[in-house]
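The following exercises are to be worked through with the sequence and the structure at hand. Each task is followed by a solution in steps.

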Amino acid sequence: MKKPLSIDWMIALLATLVLTACGGSGSDPAQEADTAAPDNTQEVKAYYASRPEFFSYKTLADLPVDLSWENGMALPEIGSDEAKKGGTQYARIPDFPRTLRVVGPDSNGSFRPWILDYTSLQIAHRHPDEFTFYPGLAESWAVDKPNKTIYVKLNPNARWSDGVPVTTDDFFFMFFIFQTDYIVAPWYKNWYSTQYTNITRFDDHTFSISIPEAKPDMDSRVLELRPMPAHFYNELGEDFTERYQWRFQPTTGAYVINDKDIRKGVSIALTRQKDWWAKDNKFWRNVYNPDRILLTVIRDASKEFEAFKKGDLDQFGLNLAEYWYDKLPNDDPDVANGYIQKSVFYNQKPRPTYGLWINTSKPLLDNLDLRVGINYATNWQLVIDKFFRGDYQRMQTSSDGYGEFTHPTLRAREYDIEKAQEAFARAGFTQRGPDGVLVNADGQRLSFTLSTGYEALKDVLTILKEEAIKAGLELRLEVLDGTTGWKKVQEKQHDIHFSAFNVSLEMYPRFWETYHSDNAYDDAFLEDGSVNPDRKVKTQTNNLEELAIFEMDQMIDRYRASDDKQEMIELAHAMTALQHDHASFVPGFYQPFYRLGHWRWVRYPAFFNHKHSGSAGQYFVHWIDEEIKQQTLEARKAGESLGAEINVYDQFR
């Protein structure tokens, strides 16, 4: 499931941001769970038994003999052999997570990478340089394309962080939990119910999973799965969201969160398991190096920068031009003397979808001409030239960066006051009021709330507001904290929202989550394809535009069902063009790099990072060198220069 892109992973992507909750500090999260402990063991067994076509049982003797097993061990190492374990990394989160659950309401925020996306193990992972798979939980795997099935042999040493072995049962349970209504997660229920057709157990460490279509990247559909610990969720039931709200799920990764390290509203810490089961394995031995990562809530980006300059934080994202050029210039004493190092890394990956998401279920915004006018009234080029100092580029579509799957000729509408006013006039807005805002014959003003959860980018919205009024469009700005902003759009309460979804390293873009009517309304259309007059807005989905087009649904369904690459490319282009014509998304910008400031004791490999990394911290290749930290602090106190380091890593430019 796509996640909203935060500015911590952006001011470390856009460079290192994230999404809040508040509460008292010092409480014991374990005491917040209901003390009653139901046991769902029989319910789970009954569910498996009720679906024999989906949950199957065989023996090792039933394994096909002609499978070609692979393990990715020939791929290059990740990280650096020079990496050192130890030390504490000090980092910032702009607000406190609303939950420690990895699924369900409020879980799909930008804190989740710290406990799931970037820190737990899948069956296998795409290599960040080669795009092929290397082992995570698996020892090996085999692809049976004719039968649309992937076979997996788990590493018998794989363990959950509470010491329980990872087994086939945890993958069976993964389907159970994601197919239930208990977790209140419609996307998961749909995906895990429709995109997989069978899981077969051969023994504790061997299983297969089948899918409906032999997609061009069918291996990723299975290899990128993460199990769910059946023993931990044996209390799963109707009270799931409350019962598991502050219980840290056992992980297959290196870092755990202990109850004593949760200070609600203040900080949360990750602790590295010294006996992590994969610590000596190739691909994993040189990553997850700090012993402890302390994440402190600092709500204001300017205060975060102050904390970084004082040495209270180890790193700070410099993607924003004002920080790279003005607030931490190359002649800053800490930079010039080498205490703080600056790095630019050019990467290659699908780009986060920064832009304006227009809620077409809102009054007036359901008018196509009006939305077209908003597109023309939005001056992204000035944002790029003025705010980003020309370092960024205009995003053309919502699926840029996917090679041949990206539309080759489609271009975003450029700022054009005349075309904007023509479109607004077609929508009935022809007269200007005394404040310059267009009004229609009923006296309605052309005025909408433009909200965002990106406090650090509030000046972007100011530029858009100042330019839009020239075309007669008033944008009322609403800058929220990350979590509140995301909650607003998940409840579909926004008019126009400035945000971005992070995107995975995948062969082709996804459309169902953001553009299918299943995620816009309950029963959007009648059987004949006409609009259901009684349809109701569906909340807690990623269709932020409330886009519901019968033709789009049909193409998405064909796209998901297709195993023909060329057909999928043609459909991707057609769907992108249809969304462009619908004008409910205004493409913003993308950055072809990320920039980082880090104290000298935060070390990176000689090549800095991997080609497909989205941020400096995504693959955890850095480490804390305590010796260098002591040396740096002493040199800084004595005024001794260690030599400036301003590095540009453009090997993948």
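**Exercise 1: A residue in a loop**

Leaving aside its neighbours within four places in sequence, Phe620 is in contact with Trp114, Tyr118, Thr119, Tyr255, Asn286, Val287, Tyr288, Asn289 and Ile293. The model is a predicted one.

Task: Determine where Phe620 is found, and whether Phe620 is buried or exposed.

Solution.
1. Phe620 belongs to the loop between β30 and β31 (623-624).
2. The relative accessible area of Phe620 is 2%. Buried means under 20%, so Phe620 counts as buried.
3. A distance to Pro290 can be added: Phe620 and Pro290 are separated by 330 residues in sequence, yet their C-alpha atoms are 9.0 Å apart in space.

**Exercise 2: Length and faces of a helix**

Task: Compare the expected span of helix α18 (residues 626-638) with the distance between its end C-alpha atoms, and state which residues of α18 are buried and which are exposed.

Solution.
1. Helix α18 has 13 residues, and at 1.5 Å a residue it should span 18 Å. The expected span is 1.5 Å times one less than the number of residues.
2. The end C-alpha atoms of α18 are 18 Å apart, which agrees with the expected span.
3. The buried residues of α18 are Ile628, Lys629, Thr632 and Ala635. Seen down the helix axis, the buried residues fall within an arc of 135°, so they line one face of α18.
4. In an α-helix there are 3.6 residues a turn, so residues three or four places apart point the same way.
5. On the other side of α18, the exposed residues are Glu627, Lys637 and Ala638.
6. The partners of the buried residues of α18 are β4 (88-93) and β30 (602-603), against which they pack.
7. At the start of α18, a side-chain oxygen of Asp625 comes to within 3.1 Å of the backbone nitrogen of Glu627. Just after α18, Gly639 has a positive phi of about 75°.

**Exercise 3: Order in a sheet**

Task: Give the order of the strands in the open sheet of four strands, and explain why β15 and β32 stand at the edges.

Solution.
1. The order is β15-β29-β16-β32, and the pairing is mixed.
2. β15 (315-317) and β32 (646-649) each have a single partner strand, so one side of each is left without a neighbour in the sheet.
3. On average, neighbouring strands of this sheet are turned by 20° against each other, direction ignored.
4. Strands β16 (residues 340-346) and β29 (residues 593-599) run antiparallel and are joined by seven bridges. Val344 stands opposite Arg595 in β29.
5. Helix α7 (residues 301-309) lies across β15, β16 and β29, at about 145° to β15.

How values were computed:
Residues are numbered from 1 along each chain as its sequence is written. This is a predicted model: local features need pLDDT of at least 70, side-chain atom pairs count only at pLDDT 80 or more; totals for chains, interfaces and linings use all residues. Side-chain values use heavy atoms; hydrogens and water are left out. Helices (H or I, at least four residues) and strands (E, at least two) are DSSP runs, numbered from the N terminus. Buried means under 20% relative accessible area, exposed over 50%, partly exposed in between (1.4 Å probe, protein chains only). The arc is that of the directions from the helix axis to the C-beta atoms. Contact means heavy atoms within 4.5 Å. A polar contact is a pair of N or O atoms within 3.5 Å; within protein, one must be able to donate a hydrogen and the other to accept it, and residues adjacent in sequence count only if both atoms are side-chain atoms. Two strands pair if DSSP finds at least two bridges between them. Axes are lines fitted to C-alpha atoms, for helices over the stretch in contact, and angles run from 0 to 180 degrees between N-to-C directions.
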